[in-house]
Amino acid sequence: MSELLKIKNLNVDFALRERTLRAINDVSISIDKGERLGVVGESGAGKSVLGFSIINLISKPGYIDSGQIVFKGEDISKYSYDRMRTIRGNQISMIFQDPMMTLNPVLSIGEQMRETVFAHMNVSKAKANEICVEKLKKVYIPSPEKRLNQYPHEFSGGMRQRIVIAISLLTNPDLIIADEPTTALDVTIQAEIMDLLLELCKTDNMGLMLITHDLSVVSQVTQRIAVMYAGTIVELGDTATVAHKPQHPYTVGLLGALPQRAGSEKRLNQIPGVMPGLAKIPAGCPFSDRCSLVGDICREKRPQLLEKTNGIRVACHFVE
Amino acid sequence: MFAFTVKRIAQGILVMLIISFIGFGIKHNFGDPVRELVGERVTPEERAQIREKLGLNDPFMVQYVRFLKNAVQGDLGRSFFFKKPVTEVIAAKAPATLELVFCASLIVVGLSIPLGIYAAIHPKKLFSRLIMGGSIIGVSMPVFLTAILLIYIFSVELGWLPSFGRGETVTVFGFWDSGLLTKEGLRHLIMPSIALSSIMLPLFIRLIRSEMMEVLESEYVKYAWAKGIKPRRVWYVHAFKNTLLPVITVGGVQLGIMVAFTILTETVFQWQGMGSMFIESVTRADTALMVSYIVVVGAIFVVVNTIVDIIYGLVNPVVRVTGRK
Ligand SMILES: Nc1ncnc2c1ncn2[C@@H]1O[C@H](COP(=O)(O)OP(=O)(O)O)[C@@H](O)[C@H]1O
Ligand SMILES: [Mg+2]
C-alpha cells in the first residue's frame, strides 16, 4: 500500500516566557492510504498537539521546531499559509472533541457546510447545497434539506457530531484526524459515532488518525496503534498485538487500567503516579519515574523506538 | 421572537413606571405647582383655594395616577421659568441634544468596530499598541478637559472650528431644528460630538477587542481555521458575529448613558439642548422642568435599551428561533 502521510523526527516546542518546552519529541510515524491509525495515551501526552501539527495549526506559542511532515510525497510542514489552506479541510479534515463547541452558534448548519465547500471548490450555491445534503445523508441525518437552515442549538450532541463528520467529508479528504471524537458524548452514542466513522472510512478508503485516551475504542476501529507518553511514542504496532500482548510497561499499565468486563472489581488506574508536565519529564526514559521495571540505564539513556522480536516497535531498554 | 419582543417591551414599560414614580415623588415633595401656575405674589388664602382646586390635597397615590394619566397624554406640567408647558420647552431643546448624541454615537460605532477588531486580530502590531495606549488616555481624561483642549487647539490657536452654539439650523418637519443640514451647523457639531464620544469610544474599543480576542480563542474559531476557509471569513463572520452579542448588550447601555453625559458637554460648548436646560432648571428651582427632564431621559434610555435587546434577539439564533435567552 502506498504511503499517505509520513511524519519524520518531528519536534514541537512551546515557547513559554521562562523557557521553551518540548511537547512532541522526535516522533516518527506513518499512515498508508486508507489506513486507520490509533494514537493513544493519557491526557497531556501530546496527542492533540501531534494532530494539529500535521495541518500546522498548533495553538500559540507552539511551533514545529524541526522534522518533516510528508503528505502525498511533499513536505507540507514548510508550506506557505495560503498553500497550507488548500490542504486544511480539503485533503486533511479534522474532527474535534466537543461538538457543542466546534460548531459556531450563530451560523446555520448550511452556512458552516457551504463555506467549506466554497473554500476548496469552485461551485455554485445550488451545487454546494447538493453536496452538503449528500454528505448529511451519508451520516444518516434525517431530512437533510430542512436541517441546513437550522442552527447548532437545535441539534443533540450526537447529531452535532454527525454534522461535524459530514463537514469533514465534504471535500472527500484523504485523511481524517479525529481528536477524541466521542469523549464528550453520551456513552450510549459513542459506539454509534465510532461505527459510523469506521463505516465511512472503509467505504471511501479514507485514512484515519484516531486520537483517544481510550484503548478499547481504538482496538475496535484501527489497524495500528501508536501509544504516546510525554510527547514520545513508546509503542507502535498492529492493533491486535499491541492491544493483547503489550510490551511497554506503560501500555501494559494502560490496558490494566481499562474497565474490565462487568462484575469485576479491578481498580481503574493501575499505573502509580501521574504523567509529568512538560517541564518535569525525567532525563533518560520519560516513563522511568513511574515504571516498575526501572533500572539504572533508564535514568541515563532515552530508549529508542526499536522493532522487537514480535514485530512491534517499543521504546524500552528491557523489552527484547 | 414575537414573545421575546413583547416581553422586552413590557419590561420597558415597567421601568418607565418606576422612573415616573421617582420623578413624581421628587415633584410632590419639592415642587410647588401653585407657584408654577400663578407666581409668588398671591395671598396664602388664594393659594389654599388653588391647592384644593388642583387636587393637591388628595392622597399621594391619587395624585400619582393623575400625573401618569396626564403624562401619557403628553402633559408633564408647566415650567415656572418659561411660563409654558414643559413638553413644549423640552421639544424645543431635544433636537439639539439628540443630534449631538447621534453624531457622537456614529463616531463611537464607526471607529470602535474597525479599531477594536484590528487590535484583536493583530495584538502585537505597533498600530494596535497605539490604539490601546490612546484608549487608556481617552478613558482617563475627563470630558470637560477634552472639551477645553479641543476648544483651545481648534478654536483659539488654529481658529478652524467654532467653540460654542449650534450655528445655523434649519427647521424640518415643522418642529425639528436641525444642525445637520447646513455647513455651519455641521462645523459646530464636530467638537461637541468628539468631546461627547471621548469616553465611550475608548471603552467600546477595549470592549470589542477583549470580547473578540476571547472569541478568537474559542473551539469553533479553531475549527473554522481547520476547515481551511479564508482568514477574512474567520474574523469577520465567525468571530465578529459572536463578538457582537456581548458588545450589543453592554454597548446599548453605554450609548444610553451618553444622553446623561450631554449635560457636561452642552455646558462647556453652550449647546442649547436638554442638558444645559436641565442645569438651568436646577439653578432656577424649576421643579416641573427638572422632573420632566429625568422622565424624558429615562424614556430615551428605556427605548434605546429595548431596541438594543430586540436587535440582540435578531442576531442571536437561540433567541430568534426558540425565543429563549
Ligand atoms: N497552548 C499551549 N501552551 C502551552 N502548552 C501547551 C499548549 N497546548 C498544549 N500544551 C502542552 O502540551 C502537552 C500536550 O498537550 P495535548 O496535546 O493537548 O495533550 P493530549 O494528549 O491530552 O491531547 C501538555 O503538557 C500541554 O500542557
Ligand atoms: Mg487532547
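Reply: Let's start with a word you'll meet a lot: a residue is buried when its relative accessible area is under 20%, exposed when it is over 50%, and partly exposed in between (1.4 Å probe, protein chains only). One caution before we go on: this is a predicted model, where local features need pLDDT of at least 70 and side-chain atom pairs count only at pLDDT 80 or more, while totals for chains, interfaces and linings use all residues. Residues are numbered from 1 along each chain as its sequence is written, chains are lettered from A and ligands numbered from 1 in the order in which they are written, and side-chain values use heavy atoms, with hydrogens and water left out.

Me: Okay, so how many of the residues in chain B are buried?

Reply: Chain B has 325 residues, and 46% of them are buried. Its C-alpha trace spans about 85 × 55 × 35 Å along the principal axes. As for what it's built from, there are 13 helices and four strands. Those are DSSP runs numbered from the N terminus: H or I with at least four residues for a helix, E with at least two for a strand.

Me: And what share of the contacts in chain B comes from residues 24 or more positions apart?

Reply: A contact means heavy atoms within 4.5 Å. Take the contacts in chain B with a separation of 6 or more, and 70% of them join residues 24 or more positions apart.

Me: Can you show me one buried residue and what it touches?

Reply: Try B:S128, in helix α6 (residues 126-140) of chain B. B:S128 has a relative accessible area of 1%, so it counts as buried. Leaving out residues up to four places away in sequence, B:S128 touches B:Y118, B:A119, B:H122 and B:P123.

Me: Now the outside. What supplies the area that chain B exposes?

Reply: Areas here come from the Shrake-Rupley method with a 1.4 Å probe, and for residues, only the protein chains shown count as cover. Chain B exposes about 16400 Å², and carbon and sulfur atoms supply 69% of that.

Me: Which residues make the nonpolar surface patch?

Reply: For patches, take residues with over 30% relative accessible area and no salt bridge, then join like charges within 9 Å, or nonpolar side chains (Val, Leu, Ile, Met, Phe, Trp, Tyr) within 5 Å. The one in chain B is about 920 Å², and its members include B:F144, B:I148, B:Y152, B:W160 and B:L264. Helix α7 (residues 143-157) of chain B gives the largest share, seven residues. B:F144 sits in that helix, and its 41% relative accessibility makes it partly exposed.

Me: Over to chain A. How do I check a helix such as α4?

Reply: Its expected span is 1.5 Å times one less than its number of residues. The 12 residues of helix α4 (residues 109-120) of chain A should span 16 Å, and the end C-alpha atoms are 18 Å apart, which agrees. Nine of those 12 residues are buried, among them A:I109, A:M113 and A:H120. Their cover includes α2 (81-85), α5 (125-138), α6 (144-147) and α7 (157-169) of chain A, plus α10 (231-268) of chain B.

Me: In what order do the strands of the chain A sheet run?

Reply: Two strands pair if DSSP finds at least two bridges between them. The open sheet has eight strands in the order β6-β7-β8-β3-β9-β10-β12-β11, with mixed pairing. At the edges, β6 (92-95) and β11 (306-307) of chain A each have a single partner strand, so one side of each lacks a neighbour in the sheet. Further in, β3 (residues 36-40) and β9 (residues 224-229) of chain A run parallel, joined by four bridges; A:V40 stands opposite A:V227 there.

Me: Last one: how many salt bridges does the whole structure have?

Reply: Side chains of opposite charge can pair when their charged atoms come close. The rule used is a side-chain nitrogen of Lys or Arg within 4 Å of a carboxyl oxygen of Asp or Glu. Over all chains, the search finds 21. One joins A:K33 and A:D174, with the closest N and O atoms 4.0 Å apart. A:K33 lies in the loop between β2 (20-32) and β3 of chain A and A:D174 in the loop between α7 and β7 (175-179), so the pair ties together parts 141 residues apart in sequence. A:D174 is buried at 17%, while A:K33 is partly exposed at 36%.

Me: Which residues pair within helix α5 of chain A?

Reply: That's A:E130 and A:K127, with their closest N and O atoms 3.4 Å apart. They are three residues apart, about one helical turn.
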